[in-house]
Amino acid sequence: MRDNSGMRLKSEQVAGALAVAMAVFHLAAASPFVLMPNIILRGWHLLFALLIGYLIYKFPIKRLRGPVDGLFIALSVVCLGYLIFNHAEIVVRPPWTLEASPFELFVAIGTVIAVLELTRRSLGLTISALCVVFIVYGFVGPYLRYVDMLRPLAHGGVGINEFVDQMYFSFEGIFGVALGVSADFIFLFVVFGALLQVIGGGDFFVNVTRAATGATRGGPAKMAVMASALMGTMSGSAVANVATTGAITIPLMKKLGYPKAFAGAVEAVASTGGQITPPIMGAAAFLMAAILGISYQEVITAAAIPAILFFLSLFIAVHWEALKQGLQPMERRQRGATWREFKAGWTFLLPLVVIMTFLLLGYTPSLCAFYGVMATLATPFLRRSTMVSPAVLAEGLKLGAKAAVVVAIACASAGIIVGIVQISGLGFRFSSLVISFADGNLYLALVLAMFAAFVFGMGMPTTPAYIIQATLVAPALVDLGAQPLAAHLFVFYYAVLGQITPPVAVAAFAAAPIAGTSPSSVGWRAFLLGIPVYVIPFLFVANPELLGQGDWSMLLLVLARSALAIICLAMAVTGWLCGRPLKWAGRTLLFGAAVMLVTHDPAFNAAAIAVIALVIGLQKRRFGHRLIGKVGNEE
């Protein structure tokens, strides 16, 4: 027992030291004083990730753990070491024209195996199995023409030399765009978020939102909405948001009288919304900018209004649920004073201000992240009350690096899938199938894309889920008339919403233990609560003005119409209007009105407004109770 404990402690210490080294390396690489070739940066990034990952995620069979983990660590060092020390020859290597030597085959295939095994350990079997399916598809493609159902997916086949060139010796496989974005700036943004939390930024955001919302009915639920939005600017992770803000908000909601499942669902949906909240929207947003060839500023500008609509719908839903449940505001001693809480920790906003300032000045995301991390390291020492020890800062670097390892491995495994899609032509074939099924109708294609996103994203982190859909689904939407940014934001939203979509709703799984109820009850309640959010992607594809595109003179009209659609859906979900409960007839009418408000069509819009007026009129009139529902608790 003592030996095992000692070995475990030693592994954790080595992993911690490597994590700090990884953070320092990336800070140096991102600084304006160092210029590093992409292949070296990506090689070191993946090597650090593999070494730390194999020290953290152990082989499950104890008696084989040491030899197996040691073997994979050695394999990672040899395979990535070859790439790093031979980068000059690899960069100029002509693709597919040379037959790979036995050792080149070994390092290329060894890298694929090392990535897949760590993917299985850290992200689960789903992604690694999907990678294997795509690899097999690459080699058996020519034989699919003999199977009627699979004939449209047949291709000319991938040889072993093509495979290793694509995966290892090019920027279109493991070391492609996804891993490049992870190495360039995702890593530093994750470290930034971890540092800001350990120095007290997370507590500051929670305390301020509790004081600001506690005086209203349903204050803890509104606090969860606002705090998760603010925490999303740091972490970009739904599960991390649930773990941090949920530990405070969920018990407060339960104490106030919210049902357990609803309390967990509010936190799960709000934390998921943190992933689409600028300025830090998680790894996939950086990837979107790289794939589309646009600046990150354009992505966060386009995402701003949809994020506002997201939290507007949730804020309204929790407010009306509070009215429906008859809940009262928090006591003053529980919520604190807003100004006092703000004054005690306003300096924690400075790192965010630094990042936003450099983004608006047009600096690259990597430089913005570098200056943001530097500002975060300096922030605690601006005031005596917020000072921390160097050990706390080192712990923040460790936590950030360890969290970024999972992102790096997800990007590397997604690179395997993207490489096969490109070399086999699957992207073009899949887009053709979607267009064929949709019969040229964009809205039908959007519905198909939504369901495809749920299938591809089931139980999968946002980053690989988005990459797969951006490769397979988004091109079809663009071909049918959607603007490229709108199409990619569409699949990105549903990759994010997979976190609250049953049966595998990971944000709900994280919230359920805190709420003290089953994951399935939280998951389905989160799904129902989030129904208005599921419509937002359709709104901005149909109305590009919401993304800052199209006719700006129409923005206010489109925004008002979109907000009204979201409010209708929130009323339909909560079943509460004008101080009375709505039964299913009224809910259905409001849902139909929301659907009609999605499009520009004046006739549909006029009909929707008429339906809303009808429902409100009947709700207010006593004789309308037979259609809409009597006063009282519908349960």
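In this predicted model, Leu116 counts as buried because its relative accessibility is 14%, and buried means under 20%. Leu116 belongs to helix 5, which spans residues 102-123. Its surroundings reach well beyond its sequence neighbours: setting aside residues within four places in sequence, Leu116 contacts Ser128, Cys131, Val132, Ile135 and Ile416. One of these partners, Ser128, lies 12 residues away in sequence, yet the two C-alpha atoms are 5.5 Å apart in space.

Val132, a contact of Leu116, also takes part in a nonpolar patch on the surface. Other members of this patch include Ile109, Ile113, Phe139, Tyr146 and Ile160, and the accessible area of the whole patch is about 1,100 Å². Helix 5 and helix 6 (125-140) are the elements that each give two or more residues to the patch. Helix 6 supplies the largest share, with 4 residues. Another patch member is Tyr143, found in the loop between helix 6 and helix 7 (160-167). With a relative accessible area of 57%, Tyr143 is exposed, because the cut-off for that label is over 50%.

From the surface, attention can now turn to the interior. In soluble globular proteins, nonpolar side chains tend to be buried together. The largest nonpolar core here has 219 residues, and the members touching the most others are Leu46, Tyr466, Phe490 and Phe492. Helix 19 (residues 390-424) provides the largest share of this core, 18 residues. A second, separate core has 5 residues, among them Val206, Met223, Leu252 and Met330. Returning to Phe492, its contacts, without residues up to four places away in sequence, include Gln275, Ile276, Met281, Met288, Thr462 and Tyr466.

Aromatic rings add another layer to the picture. Across the whole structure, 27 aromatic pairs are found. Tyr168 and Phe175 form an edge-to-face pair, with 5.9 Å between ring centres and 80° between the planes; both residues are buried. Phe204 and Phe348 form a tilted pair, because their planes meet at 45°, with the ring centres 6.0 Å apart. This pair joins distant parts of the chain, 144 residues apart: Phe204 sits in helix 9 (residues 201-213), while Phe348 is in the loop between helix 16 (338-345) and helix 17 (350-360). Phe204 is buried, with a relative accessible area of 6%, and Phe348 counts as buried at 6% relative accessibility. Finally, Phe490, Tyr494, Trp524, Phe527, Tyr534 and Phe538 form one aromatic cluster.

Notes
Residues are numbered from 1 along each chain as its sequence is written. This is a predicted model: local features need pLDDT of at least 70, side-chain atom pairs count only at pLDDT 80 or more; totals for chains, interfaces and linings use all residues. Side-chain values use heavy atoms; hydrogens and water are left out. A nonpolar core is a set of buried Ala, Val, Leu, Ile, Met, Phe, Trp, Tyr and Cys residues joined through side-chain atoms within 4.5 Å. Buried means under 20% relative accessible area, exposed over 50%, partly exposed in between (1.4 Å probe, protein chains only). Contact means heavy atoms within 4.5 Å. Patches are made of residues with over 30% relative accessible area and no salt bridge: like charges are joined within 9 Å, nonpolar side chains (Val, Leu, Ile, Met, Phe, Trp, Tyr) within 5 Å. Accessible areas come from the Shrake-Rupley method with a 1.4 Å probe; for residues, only the protein chains shown count as cover. A salt bridge is a side-chain nitrogen of Lys or Arg within 4 Å of a carboxyl oxygen of Asp or Glu. Rings of Phe, Tyr and Trp (its six-membered ring) pair if their centres lie within 6.5 Å; planes under 30 degrees apart count as stacked, over 60 as edge-to-face and the rest as tilted.
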